[in-house]
Amino acid sequence: MHRSRIALQTLQRIAVSRRTHSSGLNRNIVKYPERTLRNLGSTRYYASTSNVSQQQATAAAAKAEPFLNGSNSAYVEDMYESWLEDPNSVHKSWDAYFRNVNMGAAPGQAYQAPPSLGGGVPGAMTAQTSEAVLDTSKIHEVVDEHLSVQALIRGYQIRGHRVAQLDPLGILEADLDSSSPAELSLDSYNLGEAEMDKVYQLPKTTLIGGEDKALPLREIIRRLEHTYCRNIGVEYMFIHNYEQCHWIRQQFEPPGVTELKDAEKQLAWERLLRSTKFEDFLAKKWTSEKRFGLEGCEILIPGLKTIIDTASTHGVESFVMGMPHRGRLNVLANVIRKDLDQIFCQFDSNLRAGDEGSGDVKYHLGMSHERINHVTNKLVNLSLCANPSHLEAVDPVVQGKTKAEQFYLGDTDGSKVMSILLHGDAAFSGQGVVYETFHLSDLPEYTTNGTIHIVVNNQIGFTTDPRHSRSSPYCTDVAMVVRAPIFHVNADDVEAVIHVCKVAAEWRMKFGKDVVIDLVCYRRNGHNEMDEPMFTQPLMYQKIRKHPNVFKLYTEKLTQEGHVKGDDVEKKVKEYDQICEAALETSKSINELNFRHWLDSPWKGFFQDRYGKVELKMLKDTGLDEDTLRHIGEVFSQNNDIQIHGGLRRVLKGRSEMVKSRTVDWALGEAMAFGSLLKEGLHVRLSGQDVERGTFSHRHHVLHDQKTDKKVYVPLNDLYPDQAQYNVCNSSLSEYAVLGFELGYSMVNPDSLVCWEAQFGDFNNTAQCIIDQFISSGQAKWIRMSGLVLLLPHGYEGMGPEHSSARPERFLQMQNDDPDFFPDVNSSDFVLKQLQDSNWIIANCTTPANLMHILRRQVALPFRKPLILFTPKSLLRHPLARSSFDEMLPGTEFQRIIPESGPASENPEECRRLIFCTGKVYYDILKERSDRDLVKDVAITRVEQIAPFPFDLVSAELNKYPNADVHWLQEEHKNMGFYDFCKPRLRTSSQWSRRIHYTGRAPEAAPAAGSKSKHQKQQQKLLDDAFRKL
Ligand SMILES: Cc1ncc(C[n+]2csc(CCOP(=O)(O)OP(=O)(O)O)c2C)c(N)n1
Ligand SMILES: [Mg+2]
């Protein structure tokens, strides 16, 4: 019979339990170092409602025979399972009881009193033994006690971390609560001194017994205290998965499991030496330089290295890391192993910049380095992503980069590439992007199969105490949303930290899920080395001044244990000091700072010949041959064997008809770009909210079967047998993290097209930090290129203030071309050079052909630039916003401006008005011009690439219409949109000879009108103004 069924049947017949007794079971008790038990008496009792109710529930369950529910059933079941495995593993009385049950004893009849209670001898059921069943008060007592002990054990597993000794300074509680949970108080379970020496059966949900199945209560508590309340606080019982919880128990509960081998101790000590002495060296040499030293958390370095060793043992080849300022130079020196002279030279303020761009301060720079891991002897790549000052902003970027590395390696389970994120305590709890990033961690197209998070929890954020910087008990609580286990650890306990780091790495490799290490430490100096911490944290810092550093503490410990000797210490310290001195000498000969040596994602061999020269020529024609256009169009119009919705059938039919007539609409234009790149072997990824269908229901890249759940068809992955993979993925409802993620993804392989689409363009501003700090300025600061495309729906359609504007003015304001400088437009490589010099490209296309070309141009360029692309809404279905195949054939290209081509252009001298505009407003005024019969009088030229500004083409256009007044026309308000950017550039293009008139909405605070009628009124005025006085 199935075991669980037997257990269930057994439970149904159980009427009694019995008292175990203590004699003879003390023999295998593990001796822990002597340590006073915390006071577990009534003084620890707090009237927490949850505790009281738990106790009541336990008691009620125990009294409710025949024990078919709650923890008592679990307890008896546990006992039964143990008995099944080995009858000797349970007390004799249980053995007798289960034997009787198996022999068919009726409910209430199976119990036999043990020798200590009833004096009977366990054996077959007799009349006397059934009488013993009736002594129910004793029975209840015993069951009650066992259940209490079980509840106490569980109490420790759940709440033990709350009283763990985590603060090296001994002044703060990591969970901001100095009370002790009632779940850890014996009073809560009606246990006391009288029970301390009685022996209790251990439930299967604990491993503190080791070989022992039963222990005296005193020993049970000792072991629980040892596991859960010393220098490691294991927070995991909120995890919903039994296997995972049990695995964690296996790592911490069995006696002696956390102890390190001698070699591990030695290695940790040597690493700690380097970590400590590196900071000492910097402090000694550059007393007044900001470096955000690691003092107070020097253990971070041995900890990180342990993680890398462990994961490397499991086969991880690449580690992608992100971290804030604290200890960054130390990580670069001692984990990534950047040459020390390269680090030291950065302290030289006279160093020339060897690259163009702004560069960045030393504690923001990234790095990528391949090295042999000395523990495993395997080659590993370590990269640290460059980041801005904006704390935690790099988190999603690291995840995206990791995901892309996994993708290109075919590493579907993350066994080769892994991410590690470091955090400060204040930032981890305070910055929302942390939460957003956690929410990507288990999404199929965004998961990196587990990240190891390490919080350098120095219990302060600049000058702010934890009590004022968070409302959550722990700074790590945000990780609970994804049920990541959290290991709090006292950073002064080296061996505890190393153990926890091993466990974290093992967890990540076993379960592929996130895990958090909370290194509870202190900050020896001020926020930076120039800051005076005594202004704001006087008592804490008085304590810190007296507190020996962890290297000293650990050296003393290992000396006492005989692992290191005084001479050895001195020798090793001296050796490292000499290494640093030698590197400092070498650094003095460096007189140029090359930021390209600090690239976090180097694209080896791309775009440059072997002399490092970039050849400025387009790598590919962006046009496509007729067959390719037709083939992509046809596949994109098919549904394969998917039973699609009737409405979608019409959409596909429409597509098919367009293809037959050699025409494309917006969705087809985009598909042509993606499909052709896939054909050429370039991976394409499109991510964002609801992108699979498209917010405006125009895209339909994933077709869903109407009858079978999860049956889908992605036509763009069905184009050619040897095509590259297309990933189109609906994202979580986040902009900040998702955009950061896609940026990271785009950093790995330049031969790919990575696009992020905002639901509406407006929403890009919740990702402002990624846009400002990374996309707009990443290359200037870190020499890092990215061809990421931002698709931002934009346009005034009367949808209200929040769905109209993608805020082009903001992107344009950050564009780096000079409005007052007319470039050398006659040089042969002007167009490419202008693009190369730009920090990004900003465009607003009006035709599907131009969309196709600009997307393809992204990867045809001999460098990579972010592309900010404003995309239309009404034009998605506008009958005029269509392109012929002819505009997409080989030889055609992206049109930076689309000049007037109608009657006005035939007689330009007669033309009275030249209107420049961009985007969908073109179609509005086009119609109006024709309605007003002004086609000869007004020329309308579309600026499709707004930045870098097409000075050459605009200037030619201006010259062509010498007698026309010149207007910049836009639908946006005057203080928004494109006007401020385009006006001075139009003036410059005219050699400052023409006045630029403004036509558009008046200045406003909100981007667009809320009411439809107001919108229409404004729109009408715009049209009237466009043709006024003609
Ligand atoms: C988004 C953001 N806001 C504010 C700051 C300014 N700032 C720099 S460090 C810091 C305190 C960080 O505290 P914590 O995260 O605990 O790290 P620690 O410096 O203690 O290592 C603050 C507020 C910043 N860098 N980024
Ligand atoms: Mg801090």
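Helix axes are here lines fitted to C-alpha atoms over the stretch in contact, and the angles between them are taken between N-to-C directions, from 0 to 180 degrees. With that in mind, the tour of this predicted model can begin at a pair of helices.

Select helix H32 (residues 921–931) together with helix H35 (residues 1012–1026), whose axes come within 10 Å and cross at roughly 60°. Because angles from 65 to 115 degrees count as roughly perpendicular and those under 35 as roughly parallel, this crossing makes H32 oblique to H35. Looking along the pair, you will find that the crossing of H32 and H35 is right-handed. To see where they meet, show the side chains of Val 921, Asp 924, Ile 925 and Glu 928 in H32, and, facing them in contact, Gln 1019, Gln 1020, Leu 1022, Leu 1023 and Ala 1026 in H35. Coloured by class, the contact of H32 with H35 shows 5 nonpolar, 2 polar and 2 charged residues.

Next, select helix H11 (residues 300–313) and helix H18 (residues 494–511), which pack at an angle of about 35° with their axes 8 Å apart. Here too the description is of a right-handed crossing, with H11 passing H18. On the H11 side, display Pro 302, Gly 303, Thr 306, Ile 307, Thr 310 and Ala 311, which meet Val 497, Ile 498, Cys 501, Lys 502, Ala 505, Glu 506 and Met 509 in H18. The residues of this contact of H11 with H18 divide into 8 nonpolar, 3 polar and 2 charged.

Now move to the magnesium ion (ligand 2). Which protein atoms serve as donors of the magnesium ion (ligand 2)? Select Asp 425 (OD), Asn 458 (OD1) and Ile 460 (O), which lie 2.0 Å from the ion. Along the chain these donors follow the spacing D-x32-N-x1-I, and both Asn 458 and Ile 460 are buried.

From there, go to His 698, which sits in the loop between strand E14 (683–688) and strand E15 (703–704). Is His 698 buried or exposed? Its relative accessibility is 11%, so His 698 counts as buried. Residues up to four places away in sequence aside, His 698 touches Arg 655, Ala 667, Arg 693, Leu 876 and Arg 877.

The last stop is Gln 768, in helix H26 (residues 768–775). Draw a C-alpha to C-alpha distance from Gln 768 to Glu 735, and it should read 9.0 Å, although the two are 33 residues apart in sequence. Leaving aside neighbours within four places in sequence, Gln 768 is in contact with Gln 773, Arg 810 and Met 814.

Conventions: Residues numbered from 1 in each chain as written. Chains lettered and ligands numbered in written order. Predicted model: local features only at pLDDT ≥ 70, side-chain atom pairs only at ≥ 80, totals over all residues. Heavy atoms only, no water. Donors = N, O, S within 2.8 Å, 3.2 Å for Na, K, Ca; no water. Buried < 20%, exposed > 50% of the residue type's maximum accessible area, 1.4 Å probe, protein only. Helix = DSSP H or I, 4+ residues; strand = E, 2+ residues; numbered from the N terminus. Parallel < 35°, antiparallel > 145°, perpendicular 65-115°, else oblique. Left-handed = near helix turned anticlockwise from the far one by under 90°. Contact = heavy atoms within 4.5 Å. Nonpolar A, V, L, I, M, F, W, Y, C, P; charged D, E, K, R; others polar.
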